[in-house]
Amino acid sequence: MALKRLLQGYLKKTESMQLEIQNVSKRYNKNTYALKDFSLHIEKGILGLLGPNGAGKSTLLKMIATVSKPSDGIISLNKNNIIKDANYMRKQLGFLPQDFGMYPNLNAYEFLEYIAAMKGIGGKNLKPRISQLLEGLNLTEAAKKPIGSYSGGMKQRVGIAQALLNNPKIVIFDEPTVGLDPEERVRFRNLISDLANDCIVILSSHIVSDIDTIADKVAIMKNGTLIMHGNQEHIISTVTNKVFETRINKDALTYFKTQHVVVSTTRKKGDLMVRYISENPAENATKKEANLEDAYLYLTKTN
Amino acid sequence: MIPFFTIIKSDYLQRTRSYAFLITLCVSLATAYTFIPEPNANYSTIRVDDYIGYYNSAWFGYVTAIMTSIFLSLIGFYLVNSGIKKDIDTKVGQIVATTPISNFKYLLSKVLSNFLLLSTIVAMVFIMSILLFILYNDGFSFELFQFVKPYLLITLPALFFISMLAVVFEVFLGKYSVLQNVGFFFLFSALMVFSPKTQSQFSFDVFGSKIVMHHLEEKVRDITNSDAETNLSVGYVLGHVEKAKKFEFNGIDFPTSFIISRFVWVLFGIGIIAVISIFFHRFDRKEHLFLKKFIAATKEEHKVKDLLLSSLPIASINYKIAPLVKTELLLLFRIGKKWLWIINIVGMILLAVLPITIAHQIGLPILWFLQVNRLSNLTTKELTNKVHYFAFSSYKPITRLLSSQLFAAVILMFVLSLPLIIRHLIAFDYSASISIFFGGIFIVLLAALLGVLSKGAKLFEVLFFMIAYSNINGVLVFDYFGGFEHKAFYVLKLAIISLVLGSLCAFVRTYQLKS
C-alpha cells in the first residue's frame with residue numbers, strides 16, 4: 001500500500017501540466033464580445049500570445065488567472081474546471097497583470113511577504129526565497145524603501161518577483177517587459193526560459209521581439225478570436241517566399257500600402273526602403289527571409 | 001473662455017459618471033425625502049418650541065433649502081475634496097502642469113466643478129421638495145418663487161463656499177487627508193455655533209440659514225406674545241409631534257444687505273482662490289524630488305547575480321491568516337504621516353484622564369472618527385492601488401483576506417479605545433466595555449460594507465462624518481458605542497446589526513469575485 005501511495009504521488013508530481021480552454025467567450029452585452037468562442041490547448045513550455053491592442057489577450061489571461069469569469073465555455077487545468085474550483089488554479093498560479101499597482105507605503109520585502117500570505121505560503125524558506133528573488137531581480141538595494149518611491153521598471157520587477165513567489169506551475173505574464181530596460185529584458189527572457197522547464201508559461205505581448213526568441217509555441221489573436229496557433233516555424237511558413245524589400249520614392253508609400261502589406265520602412269538617402277509581404281512583388285524587389293514579425297503583421301492585417 | 005468651461009465640464013462629467021456618485025445621489029434623495037416629515041410622521045426637522053409651519057409653498061421651500069444648506073455643507077465637503085488628488089493619482093496633473101492654464105484658472109475650475117457637482121444634488125432635492133409638496137397637498141397654492149428664492153439665496157452661495165473650502169484644504173493639506181477631514185469637522189462645528197442676532201450680523205452667516213431661523217422664532221414669539229427665548233431645533237427630533245401647533249409662514253423679504261452679502265461671499269471665495277493659487281504646487285511635489293534622488297542612488301547598482309529559479313528554496317504551504325493580519329495592521333498604521341499618530345496618542349491619553357462620561361460620549365467618537373481614512377480604505381484599497389488582480393486571485397480571498405482586513409481594523413479600534421475600556425472595567429461597568437467593543441466591530445463592518453458596495457471611500461467618509469457629528473450633538477439613535485443610556489438588549493441589537501453588515505459584506509464581495 002505504501003509503495004502504491006508513493007508511486008501515485010510520484011506520478012502526480014511528474015504529471016505534465018495541461019491547460020484546456022474550450023469555447024470560451026466573454027460578453028459585455030448582447031452584441032459586444034471581448035472574446036468569442038475561443039479554444040486552445042496549452043502544455044508545458046512557453047506560449048507566446050501575440051495580438052494587437054484590444055485583441056482580447058488580457059481578457060483571456062484574466063480569466064485563466066481566475067480574476068474574471070467567462071460568460072460561456074470551460075477552462076480546465078489538469079482536467080479540473082477552474083471556473084468552479086478557482087482555488088485549484090490559485091494554489092499553483094503566478095500572475096503578472098498588465099496594469100497592476102502596489103501599496104506605496106510598503107517596501108518590496110513587506111509587499112512580497114503580503115502576497116506570499118495571500119497565496120498561502122510561508123515557512124522558514126520564505127524569507128530566503130524572497131531575498132534571492134529580490135537579489136536576482138536587482139532590487140536588494142531598494143528592498144527596504146517604500147514602493148511609492150520606485151521607478152516604473154522597479155515596480156515591474158517587484159511584480160515579476162511576486163509571480164514567482166510560490167514556485168508556480170502555471171505562470172502568466174501580461175506585457176511583462178513594459179518599463180524594463182534592454183539589459184533587464186534579456187535577463188527576464190533568461191529567467192522565463194529557466195522557468196519553462198517544468199511549467200506552463202504564458203507570455204502576452206504585442207512586441208514580437210519579446211516572444212520570438214523564447215516561445216515554444218505562438219498563438220495570434222485578433223478581435224477576440226484565435227487567428228493561428230502553432231510553433232514558430234509553422235506560423236512563419238504562412239509568409240515564406242512572400243517577404244520582399246524594395247526601394248521606393250517616399251511619395252509613393254501611400255499607394256504602395258494599398259497594394260501590399262508593409263512590415264517596415266527605413267529612410268535611405270531621401271527614398272524609403274520598404275519591407276513588405278506580397279504574392280506579386282515589385283520588379284526590383286529582393287526576396288528576404290521571413291520571420292515571426294512578418295507573419296504576425298501579415299496575419300493580423302489580412303484577417 | 002470656451003476651453004475653461006470645457007475643463008469644468010470634463011471634470012464634472014468625470015466625477016459624476018461613477019457608481020459612487022449614483023449612490024450618493026440616491027442617498028441624498030432618500031435623505032431629502034425626510035426633510036419635510038410626512039403629516040403622520042413621529043419626527044420633526046425644523047421646529048420652534050411646539051410650533052411647525054403649515055405645509056405651504058414657503059414652508060416647503062425654506063425648510064428644504066435650509067436642511068439642504070446644512071446637510072450638504074456638512075457632507076458636501078467630503079464629496080468634493082479630492083478633485084486635485086484625483087489629478088495627482090491619475091497623473092493627469094502632470095499633463096495639466098505642462099499646459100498654459102494658470103494656477104488660478106485651474107483651481108477655479110476645480111471650485112466650479114465642485115459647485116456643479118453639489119448643485120446637481122441640490123437640483124434633485126429641489127425637484128423632490130416640489131414633488132413632496134404635491135404629495136402632501138394641504139390645500140395651499142403652489143408658488144414657485146417661494147421654492148426658488150431660498151435655494152438661490154441660502155443653499156447655492158453656501159455650497160459655493162464649501163466648494164471653495166474643499167480646494168483650499170486640498171492645496172494646503174493635500175498630503176494630510178486626516179487633517180483635512182478633522183480640520184473641516186471643527187471648522188463646520190464652529191460656523192454652526194455662530195449665532196447672529198442683528199441684520200448686519202446675518203450677512204456673516206455663510207450658511208445663510210440663521211436669518212430664516214431668527215425670523216421663525218420671531219414669528220412664534222408674536223403668536224405666543226412672549227419675549228422669552230424660544231427653543232428652535234434643526235435636525236431630526238423624534239416624538240412629541242402630535243403636540244405640534246401650526247403657524248403660517250409666508251417666507252421672508254431678505255434685506256438688501258443680506259442679498260449683497262451672498263454675492264460678497266462668492267466673490268470672497270474667488271478672491272481666496274486667487275490668493276492660494278500663488279501657493280499651489282502645480283503637481284511638482286516634494287516626494288517627486290525624493291523619487292528622483294532615490295532612483296539616482298539606486299542607479300549605482302552592484303553586479304547582479306543570475307537568478308536560477310530551480311535553485312531557489314521552496315516556501316511551504318501556510319494558510320494561517322496571521323501574516324495577512326500583520327500586514328493589514330501595518331497598512332492601517334502607515335496611512336497618513338507618522339507624526340499624525342501623536343494626535344491618536346493624545347486622544348488615548350484624553351480617554352484615560354477626562355471625566356469618564358465625556359471621554360465616552362465625546363472623546364471616543366472623535367478619536368474613532370480620526371481613523372476615517374484608515375477605515376474607508378479598508379476594503380477599497382485593492383482597487384484604488386490596483387492590487388485587486390493579486391488580491392482577488394489569492395487563495396480564498398473572502399475567508400482569509402477579507403477576514404484579516406476586518407480583524408486588523410477591529411484590533412486598531414480596540415487598541416485606541418483601550419484606556420476607556422480599562423476604566424470601565426475598573427469601575428465594574430462591563431456593559432459599557434462590551435458596548436465599546438461591539439461599537440468598534442460595528443463601525444469597521446459598516447466601513448467594509450460601504451467600501452465593497454460603492455468601491456470607493458467617499459460614501460463611508462460622508463456617513464461617518466454625519467454619525468460623528470450626531471454623536472457629539474448627543475443624537476441617541478446614532479450612538480453605536482454605548483455612550484448614552486439605552487433600553488435593554490442594546491448590545492444584542494448592535495451585535496445583530498454587525499452580523500448582518502458582516503454577512504452582507506462577505507456576500508457582496510463573493511458576488512463581485514464571481515462576476
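Q: How many helices and strands does chain B have?
A: Chain B has 22 helices and five strands, where helices (H or I, at least four residues) and strands (E, at least two) are DSSP runs, numbered from the N terminus. This is a predicted model, in which local features need pLDDT of at least 70 and side-chain atom pairs count only at pLDDT 80 or more, while totals for chains, interfaces and linings use all residues. Residues are numbered from 1 along each chain as its sequence is written, chains are lettered from A and ligands numbered from 1 in the order in which they are written, and side-chain values use heavy atoms, with hydrogens and water left out.

Q: What radius of gyration does chain B have, next to a compact globule?
A: Chain B has 26 Å, which agrees with the value near 24 Å that a compact globule of 515 residues would have; the radius is taken over C-alpha atoms, and the globule rule is 2.2 Å times the number of residues to the power 0.38. Along its principal axes, the C-alpha trace of chain B spans about 90 × 65 × 45 Å.

Q: And what share of chain B counts as buried?
A: Of its 515 residues, 52% count as buried, with buried meaning under 20% relative accessible area, exposed over 50% and partly exposed in between (1.4 Å probe, protein chains only). Among contacts in chain B (heavy atoms within 4.5 Å) between residues at least 6 apart in sequence, 81% join residues at least 24 apart.

Q: Take B:Phe283, where does that sit, and is it buried or exposed?
A: B:Phe283 is placed in the loop between helix H11 (256–276) and helix H12 (286–299) of chain B, and it counts as buried because its relative accessibility is 7%. Its phi is near 65°, a positive value in a residue other than glycine.

Q: What about B:Ala427, buried or exposed?
A: B:Ala427 counts as exposed, since its relative accessibility is 52%, and it lies in the loop between helix H19 (397–426) and helix H20 (430–454) of chain B. Its C-alpha atom is separated by 55 Å from that of B:Asn137, which is 290 residues apart from it along the chain.

Q: Switching to the interface, how many residues of each chain are in contact?
A: There are 56 residues of chain A in contact with 52 residues of chain B. The two chains bury about 5,000 Å² between them, 62% of it on carbon and sulfur atoms, buried area being the accessible area (1.4 Å probe) that two parts lose on being put together, summed over both.

Q: Which three residues of chain A supply more of that area than any other three?
A: A:Tyr103, A:Tyr114 and A:Met118 do, with 14% of the area that chain A buries against chain B.

Q: Now the sheets in chain A: what is the strand order in the one that holds S1?
A: That is an open sheet of four strands in the order S2-S1-S4-S5, with antiparallel pairing; two strands pair if DSSP finds at least two bridges between them. Its edge strands, each pairing on one side only, are S2 (33–43) and S5 (80–81) of chain A. Helix H2 (residues 57–64) of chain A packs on this sheet, touching S1, S2 and S4, and its direction makes about 120° with that of S1(A), where axes are lines fitted to C-alpha atoms, for helices over the stretch in contact, and angles run from 0 to 180 degrees between N-to-C directions.

Q: How many bridges are there between S1 and S4?
A: Strand S1 (residues 18–27) and strand S4 (residues 72–77) of chain A pair in the antiparallel sense over five bridges, and A:Leu19 stands opposite A:Leu77 in S4(A).

Q: How many residues of S8 in chain A are buried?
A: Five of the five residues of strand S8 (residues 170–174) of chain A are buried. A:Ile170, A:Ile172 and A:Asp174 lie on one side and A:Val171 and A:Phe173 on the other, so that both faces are covered.

Q: Which strands pair with S8(A)?
A: Strand S6 (residues 93–96) of chain A is joined to S8(A) by four bridges and runs parallel to it, with A:Val171 as the bridge partner of A:Gly94. S8(A) also pairs in the parallel sense with strand S9 (residues 200–205) of chain A over five bridges, and there A:Ser204 is the bridge partner of A:Asp174.
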